[in-house]
Amino acid sequence: MADVYFLLEYPIYRDFEPEDIDILSKICEELKFKKNEIIFKEGTPGDALFIIKKGIIKVYKETKTRKKLITILSAGEFFGEMALIDGSPRSATVVAGENVEVVKLSTENFNKLKSDYTKTALKVYGALLKFMSYRIRRTTKKAASLLKGRKKRRKK
Ligand code: CMP
């Protein structure tokens with residue numbers, strides 16, 4: 001059980017009606033993490049997605065020698081959706097950037113949502129797709145500016 005009414009504060013969830021929120025409240029659970037606590041590690045199996053209720057989380061890619069910050073996500077945003085959607089291991093490590101509160105939707109309950117509450121599940125998919133489109137746009141911008149920088153350096 002989780003209080004997910006906070007979602008209605010964010011335009012991305014504007015299609016959600018009180019009955020969708022009630023359904024999600026029943027199948028989600030609330031968790032808290034302390035600043036710098038690891039929420040999950042890259043390469044581990046993914047069994048849930050999360051929505052940030054309060055605070056920020058940091059997404060890192062790790063090599064043997066370095067830990068690179070990929071992005072920071074804040075309240076209202078999803079994380080951990082990729083492993084849940086494609087069944088691959090976690091693509092990055094996620095750490096609490098400050099004391100955070102998150103809502104967890106397990107794979108098992110996500111499957112239940114799809115079979116028993118299709119309309120609500122479609123709305124969740126809609127929100128996920130919007131976030132993923134936004135992230136691809138941001139990554140494209142970053143890649144373009146990196147390529148531009150590389151071309152400039154080559155010309156010198
Ligand atoms: P998942 O692969 O399950 O676990 C790591 C999570 O970090 C991933 O899902 C996304 O939610 C998030 N993530 C990974 N790469 C990016 C990125 N480039 N931009 C935003 N979030 C990301």
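Start your tour by selecting residues 48-54 and 100-106: these are strands β3 and β8, which run antiparallel and are joined by six bridges. Keep in mind as you click around that you're looking at a predicted model. Now pick out Lys54; across from Lys54, in β8, stands Glu101.

**The sheet around β3 and β8**

Which strands sit with β3 and β8 in their sheet, and in what order? Colour four strands and read across: β1-β8-β3-β6, an open sheet with antiparallel pairing. At its edges you'll find β1 (29-33) and β6 (78-79), and each of these pairs on one side only.

**Zoom out for a moment**

Show the whole chain as a cartoon. You should find four helices and eight strands. Following the sequence, the pattern goes α-β-β-β-β-β-β-α-β-β-α-α. Turn the model about and you can get a feel for its extent: the C-alpha trace spans about 60 × 30 × 30 Å along its principal axes.

Switch on a surface if your viewer has one. The accessible surface comes to about 10000 Å², and 55% of that belongs to carbon and sulfur atoms. Of the protein's 156 residues, 38% count as buried. Try colouring by charge too: there are 34 positive and 20 negative side chains, with the centres of the two sets 16 Å apart.

How far along the sequence do contacts reach? Taking contacts between residues at least 6 apart in sequence, 74% join residues at least 24 apart.

**The other sheet**

Back to the strands. Select β2, β7, β4 and β5, in that order: they form an open sheet of four strands, again listed with antiparallel pairing. β2 (38-40) and β5 (67-73) are at the edges with a single partner strand each, so one side of each has no neighbour in the sheet. Look along the sheet and you'll see it twist, by 35° on average from one strand to the next.

Walk across this sheet pair by pair:

- β2 and β7 are antiparallel and joined by two bridges. Click Phe40 and look for its bridge partner in β7, Val94.
- β7 and β4 are also antiparallel, with four bridges between them. Here Tyr60 has Thr93 of β7 as its bridge partner.
- β4 (residues 57-62) and β5 pair in the antiparallel sense over six bridges. Find Lys58, whose bridge partner in β5 is Ile72.

Stay on β7 (residues 93-96) and show its side chains. Which residues point which way? Thr93 and Val95 go one way, Val94 and Ala96 go the other, and all of them are buried.

**Two acidic stops**

Next, select Glu77, in the loop between β5 and β6. Is Glu77 buried or exposed? Glu77 counts as buried because its relative accessibility is 12%, which is under the 20% cut-off. Setting aside neighbours within four places in sequence, Glu77 touches Phe50, Ile51, Ile52, Phe131 and Arg135.

Last stop: Asp15, in the segment before α1 (18-27). Asp15 has 41% relative accessibility, so it counts as partly exposed; that label covers values between 20% and 50%. Leaving out neighbours within four places in sequence, the contacts of Asp15 are with Asp20, Lys123 and Lys130. To finish, measure from the C-alpha of Asp15 to that of Ile51: these residues are 36 apart along the chain, and your viewer should show a separation of 17 Å.

How values were computed
Residues numbered from 1 in each chain as written. Predicted model: local features only at pLDDT ≥ 70, side-chain atom pairs only at ≥ 80, totals over all residues. Heavy atoms only, no water. Buried < 20%, exposed > 50% of the residue type's maximum accessible area, 1.4 Å probe, protein only. Contact = heavy atoms within 4.5 Å. Areas by Shrake-Rupley, 256 points an atom, 1.4 Å probe, with all protein chains shown as cover. Lys, Arg positive; Asp, Glu negative; His and termini not counted. Charge placed at Lys NZ, Arg CZ, Asp CG, Glu CD. Pairing = 2+ DSSP bridges. Axes fitted to C-alpha atoms, helices over the stretch in contact; angles between N-to-C directions.
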